[in-house]
Amino acid sequence: MSWKSKDLLTLEELSAGEIAHVLDTASSFKEVSTRSVKKVPALRGRTVVLFFHEPSTRTRISFELAAKRLSADILNVQAASSSLVKGETLIDTLKTLESMTIDALVVRHKSSGVPQMLASVTKASVINAGDGSHEHPTQGLLDLFTIRERKGKIEGLTVTIVGDITHSRVARSNIYGLTKLGARVRLCAPPTLLPVGIEKMGVEVYHDLDKALEGADVVYVLRLQLERQKNNLFPTIREYSMTFGVNNERLKRARKDAIVMHPGPMNRGVEISSGVADGSQSVIDDQVTNGVAVRMAVLYLLQGETNEKPS
Ligand code: CP
């Protein structure tokens with residue numbers, strides 16, 4: 001399959017075949033990170049700009065590593081030390097970067113829709129690294145990759161996503177990806193943390209965590225996004241943790257071979273206990289490892305697959 005789109009903005013816009021193609025491409029790149037010289041020349045001569053307007057550890061660093069392992073040149077543009085603070089618009093900043101002939105822009109922004117807006121005014125590939133509470137497509141892809149790697153398939157699995165669905169761009173990308181690939185998706189949260197009408201996305205809604213976990217193959221725990229809570233959407237963190245926190249006792253409801261996932265960063269003792277996060281069913285470290293391979297695949301595919309793949 002040849003890649004058609006210039007950008008990666010959402011998983012909503014990708015077909016099941018395109019998602020599978022990214023995952024297959026990531027499989028062939030994963031081995032590069034195990035070599036003593038962790039580098040292939042696939043994007044030699046290309047320039048990738050990392051443009052993050054919100055804090056990030058995993059996404060920013062794994063995109064930087066991915067681009068370096070593909071031999072691209074990297075620019076980190078920090079909003080706080082750029083002319084944005086003097087009032088320059090995002091579009092003028094992008095046009096300035098474009099005048100210096102960049103090839104790809106990886107953007108994270110607190111406002112939903114910013115990557116789409118930038119993609120519409122540049123010839124460079126734009127990759128959404130998380131926009132507001134809209135989507136985080138590369139997180140969704142690395143999660144799908146990790147599930148497929150651990151379970152051998154995605155179709156037919158029962159995946160329970162628990163936590164702050166309303167504010168979660170990770171949940172939205174995962175719902176699109178998982179349902180396109182044939183998983184059965186259960187969402188579990190207090191009603192105040194679930195968008196009205198979310199069932200239209202082809203998911204089942206639960207408010208009782210024990211029922212939502214019954215027989216699950218994958219337990220996906222979301223971070224409680226305290227920084228996005230404007231109103232008091234639950235009484236106290238302690239009560240949230242008692243009702244919706246995943247601990248080892250609760251996890252027994254899921255299948256014995258269920259895997260536990262979390263996009264990070266975790267609020268240990270709030271949405272997930274340390275016993276579960278560090279336990280034998282946790283694949284949270286695998287998610288981080290796989291993020292590099294998936295982001296290598298995305299950068300490679302968007303740049304036209306014209307150069308060499310790993311050999
Ligand atoms: N999962 C995720 O997006 O983590 P960061 O905010 O650390 O990039």
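A pocket is an open set of grid points with protein on both sides within 12 Å along at least five of seven lines, and its lining residues have an atom within 4 Å of a point. The views below come from a predicted model.

**View 1. The second largest pocket and the helices around it.** This pocket has a volume of about 160 Å³. Its lining consists of 16 residues, and Arg58, Thr59, Ser62, Val288 and Arg295 are those nearest its centre. Two or more lining residues come from each of α2, α5 and α11. Helix α11 gives the most, with 6 residues. Sorted by class, the lining of the second largest pocket holds 7 nonpolar, 7 polar and 2 charged residues.

**View 2. The largest pocket and its lining.** The volume of the largest pocket is about 380 Å³. It is lined by 20 residues; Arg108, Arg169, Arg223, Gly264 and Pro265 lie nearest the centre. The elements that give two or more residues to this lining are α2 (58-69) and α6 (169-180). By class, the lining of the largest pocket has 5 nonpolar, 8 polar and 7 charged residues.

**View 3. The cis peptide bond between Gly264 and Pro265.** Gly264 and Pro265 are joined by a cis peptide bond, with omega of about -10°. Pro265 sits in the loop between β9 and α10 (274-277). Both Gly264 and Pro265 are among the residues nearest the centre of the largest pocket.

**View 4. The four-stranded open sheet and helix α11.** This open sheet is made of 4 strands in the order β2-β1-β3-β4, with parallel pairing. At its edges are β2 (73-78) and β4 (125-131), each of which pairs on one side only. From one strand to the next, the twist averages 15°. Strands β3 (residues 104-109) and β4 run parallel and are joined by 5 bridges. Leu105 has Val126 as its bridge partner in β4. Helix α11 packs on this sheet, where it touches β1 (47-52), β3 and β4, and its direction makes about 145° with that of β4.

**View 5. The five-stranded open sheet and helix α5.** Here 5 strands form an open sheet in the order β7-β6-β5-β8-β9, and the pairing is parallel. The edge strands are β7 (204-206) and β9 (259-261); each has a single partner strand, so one side of each is left without a neighbour in the sheet. The twist of this sheet averages 20° from one strand to the next. Between β6 (residues 184-188) and β7 there are 3 bridges, in the parallel sense. Cys188 is paired by a bridge with Tyr206 in β7. Helix α5 packs on the sheet and touches β8 (218-221) and β9; the direction of α5 makes about 165° with that of β9.

**View 6. The salt bridge between Asp24 and Arg148.** Side chains of opposite charge can pair when their charged atoms come close. Asp24 and Arg148 form a salt bridge in which the closest N and O atoms are 2.9 Å apart. The pair connects distant parts of the chain: Asp24 belongs to helix α1 (residues 16-30) and Arg148 to helix α5 (residues 137-151), with the two residues 124 apart. The structure holds 17 salt bridges.

**View 7. The cavity lined by nonpolar residues.** The search of the whole structure finds 1 cavity of 30 Å³ or more. The volume of this largest cavity is about 40 Å³. Its lining is formed by Trp3, Leu8, Val22, Val298, Leu301 and Leu302. By class, these are 6 nonpolar residues, with no polar and no charged ones. Helix α11 (residues 284-302) gives the most to the lining of the largest cavity, with 3 residues.

**View 8. Ser71 and its positive phi.** Ser71 has a phi near 70°, a positive value in a residue other than glycine. Ser71 is located in the loop between α2 and β2. Helix α2 also gives two or more residues to the lining of the second largest pocket, while strand β2 is an edge strand of the four-stranded sheet.

Key: Residues are numbered from 1 along each chain as its sequence is written. This is a predicted model: local features need pLDDT of at least 70, side-chain atom pairs count only at pLDDT 80 or more; totals for chains, interfaces and linings use all residues. Side-chain values use heavy atoms; hydrogens and water are left out. On a 1 Å grid over the protein atoms alone, a cavity is a set of points where a 1.4 Å probe fits but cannot get out, and a pocket is an open set with protein on both sides within 12 Å along at least five of seven lines; lining residues have an atom within 4 Å of a point. Grid points are joined across faces, edges and corners, and a volume is the space filled by probe spheres set on the points. Ala, Val, Leu, Ile, Met, Phe, Trp, Tyr, Cys and Pro count as nonpolar, Asp, Glu, Lys and Arg as charged, and the others, Gly among them, as polar. Two strands pair if DSSP finds at least two bridges between them. Axes are lines fitted to C-alpha atoms, for helices over the stretch in contact, and angles run from 0 to 180 degrees between N-to-C directions. Contact means heavy atoms within 4.5 Å. A salt bridge is a side-chain nitrogen of Lys or Arg within 4 Å of a carboxyl oxygen of Asp or Glu.
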